[in-house]
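User: Could you take a close look at one part of this protein for me, the helix near the end of the numbering and whatever packs around it? Once that is done, feel free to wander on to the neighbouring bits that you find worth a mention.

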Amino acid sequence: MNSEHRIIIAGGGTAGWMTAALTAHRFKHFPVSITLVESSQIATIGVGEGSTPSLKQFFTELGISDETWMPECSATYKVGIQFCDWSPASGVPQYRHPFISQLDTFSQRPFEVNCQTRRLGLDVTTLPDKFLFNGYLAKAQCLPVTPPNFPFRMEYGYHFDSARLGQFLKKHAQSLGVQHVDAKIAGVDTHPDGSLSSLIDTNSNHYNGDLFIDCTGFRSLLLQQTLNVPFTSFADNLFNNKAMVLATEPTSPLPVETKATALSNGWAWQIPLQTRTGNGYVYSDAYQSQDSAEQEFRRYLGVSDAAQIEHLSMQVGQVEQHWVKNCVALGLSQGFIEPLEATALHLVYQSARLLCEQYQKSGFNAQQSGTYNQQVSTQFDNVRDYIVAHYKLNTRNDTAYWQHNRNNGKLSDSLMQILDTWYRGEDLAAHLTKKAHLTHFNSISWHCLLAGYGTFPALATQQPGQGDLFKEHQLQQFFEGCLLNFKA
Ligand SMILES: Cc1cc2nc3c(=O)[nH]c(=O)nc-3n(C[C@H](O)[C@H](O)[C@H](O)COP(=O)(O)OP(=O)(O)OC[C@H]3O[C@@H](n4cnc5c(N)ncnc54)[C@H](O)[C@@H]3O)c2cc1C
């Protein structure tokens, strides 16, 4: 074993440079060298413009302020997602899934209790935006920046230009000592035990390492192609496998949320950046041809045939093991759960953090993979459950796509238990706490989704006209008072 631990990162998309910056930061006091090998001849995926609050944690950990990175990446603030037309039959045309802030500790329990009361048929307030402060910011298009003297910490994510984010992170990682090599990887050498020993480029240069991180995107050159780790597809309950993208003019004033609108065979995103609006349509080609999807997308955006639309394929699923021998996959090479809720970079950061912890804890032994694999797979599975629920609970009747999604019985046990708890009128918050869900989507998120879709029984004929904690706790007045501290 060398005294210096050599980490080789293959691939320089957002996942590669995030990982390079994080490992360089975390291991700065250790004898660790980091080299990132990528080919400028092989394009990055070039999409991925929205984040969860994880990206804020990532930049905070690196000590990089919003003022430093946001202008360089055309970034804007994101306080949540607005969902339109996913559940028209419930009478709720749109709802919001706001990110949870410290302020929401006052309203979490009233929200959960009201949802339970409504499940008994009583007419109480359940619209998520009314209970969560970021919902008020979204409506008023106010920035989530915590004002001086405001005693609560705000949570938010961002919208950003992914290519520029990659460039920013590259510069930062290089300033921390990461070596960058522009070369096409043509082969991989292995040790007799099957672990990786070096990457070989097209000029026969060898890049020797102790730990190899595969960030080569959907190709997964090291983990899937070299070590033959199988990929588990999620296609049985996540049907979308295609996407198309088109940028349009920026809007003014700038919204502080992503909009996700259900269309005939998938959904479209609208992401406001400083310099453009990012648009995309995610759909399933088993239900809609590319031509038909493109026409629908153009109509939805109101753009002519001259506008150049870019088409992409997506592999939705995850690898059976994320860390095998001395190779770990991060980013699209480890898996992808379609862009609804924008969780890809969240999973990259969570995986990379855990990798650093495990690698360091085991004395920089690249073979310590057990805990890591179990925890990362669970995070993927839990995100998957939350995304699948968006399709399962839809109440659209316009196409076979939506009907098949609604009637699809291929659900995980954990998702069935969550839905069962809800439909039986039991305490979902208690159920989720008991299951200790290792996930970004906590009880509030699940209540937003289920209440936002109007997943409730018909109202009872007898209504006592009381018991609405939203009114009793005067939450509207409380949040509107707080809102006065924030600027558009
Ligand atoms: C339609 C769509 C929408 C998305 N929206 C979001 C979103 O809103 N939010 C979010 O968080 N994520 C989103 N994602 C996911 C996001 O795009 C990716 O997670 C993110 O860009 C990271 O990609 P990556 O770095 O893993 O792969 P890539 O960007 O594909 O990078 C792969 C890298 O590997 C290199 N490479 C490959 N082969 C070789 C070789 N032989 N030699 C040398 N180098 C090589 C390439 O040069 C490149 O640098 C979306 C994805 C899709 C498909």
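Analyst: Here is a walk through that helix, its surroundings and then a few other spots. Keep in mind that this is a predicted model, so everything below is computed from predicted coordinates.

Let's start with helix H16, which spans residues 475-483 and has Leu475, Phe479, Cys482 and Leu483 as its buried residues. These four cover an arc of only 105° around the axis, which puts them on the same side of H16. And what sits over that side? The cover includes helix H4 (108-119), helix H5 (133-140) and helix H15 (469-472).

Helix H5 deserves a look of its own. Six of its eight residues are buried, so H5 is largely enclosed by the rest of the structure. The buried set is Phe133, Asn134, Gly135, Tyr136, Leu137 and Ala138. They pack against H16 and H15, and also against strand E5. Right after H5 comes Gln141. Gln141 is not a glycine, yet its phi is positive, about 55°. You'll find Gln141 in the loop between H5 and strand E6 (157-159). With a relative accessibility of 27%, Gln141 counts as partly exposed, because buried would need under 20%.

Strand E5 gives us a link to the second largest pocket. E5 (94-98), helix H2 (54-62) and helix H9 (344-361) each supply at least two residues of that pocket's lining. The space in this pocket is about 250 Å³. Fifteen residues line the pocket, and the closest to its centre are Pro53, Gln57, Ile100, His440 and Asn442. By type, the lining splits into nine polar, five nonpolar and one charged.

From H9 you can step back to Pro339, which is in the loop between strand E21 (335-336) and H9. Pro339 has 23% relative accessibility, so it counts as partly exposed. Leaving aside neighbours within four places in sequence, the contacts of Pro339 are Trp267, Trp269, Val282 and Met314. Cys327 is twelve residues from Pro339 in sequence, and the two are 26 Å apart in space, C-alpha to C-alpha.

Another proline to check is Pro253, in the loop between strand E13 (242-248) and strand E14 (258-263). The peptide bond that joins Ser252 and Pro253 is cis, with omega about -5°.

Now for some strands. Strand E9 (residues 196-201) is mostly covered, with six of its six residues buried. On one side of the pairing list is strand E8 (residues 185-190), which runs antiparallel to E9 and is joined to it by five bridges. One pair to click on is Asp189 with its bridge partner Ser198 in E9. E8 and E9 form a hairpin with five residues between the strands, where Gly194 takes a positive phi near 95°.

E9 also pairs with strand E10 (residues 206-208), again antiparallel, through three bridges. Here Leu199 has Tyr207 in E10 as its bridge partner. The hairpin of E9 and E10 has four residues between the strands, with Ser204 in the turn. Ser204 has a positive phi near 65°, and it is a residue other than glycine. Its relative accessible area is 52%, so Ser204 is exposed, given that the cut-off for exposed is over 50%. So this turn residue is exposed, while the six residues of E9 are buried.

One last stop is Ser162, in helix H6 (residues 162-175). At 6% relative accessibility, Ser162 counts as buried. Its contacts, not counting residues up to four places away in sequence, are Thr14, Gly46, Val47 and Gly48.

To come back to your helix: the buried residues of H16 lie on the same side, and H5, which is among the elements that cover them, is itself largely enclosed.

Technical notes. Residues are numbered from 1 along each chain as its sequence is written. This is a predicted model: local features need pLDDT of at least 70, side-chain atom pairs count only at pLDDT 80 or more; totals for chains, interfaces and linings use all residues. Side-chain values use heavy atoms; hydrogens and water are left out. Buried means under 20% relative accessible area, exposed over 50%, partly exposed in between (1.4 Å probe, protein chains only). The arc is that of the directions from the helix axis to the C-beta atoms. Contact means heavy atoms within 4.5 Å. Two strands pair if DSSP finds at least two bridges between them. On a 1 Å grid over the protein atoms alone, a cavity is a set of points where a 1.4 Å probe fits but cannot get out, and a pocket is an open set with protein on both sides within 12 Å along at least five of seven lines; lining residues have an atom within 4 Å of a point. Grid points are joined across faces, edges and corners, and a volume is the space filled by probe spheres set on the points. Ala, Val, Leu, Ile, Met, Phe, Trp, Tyr, Cys and Pro count as nonpolar, Asp, Glu, Lys and Arg as charged, and the others, Gly among them, as polar.
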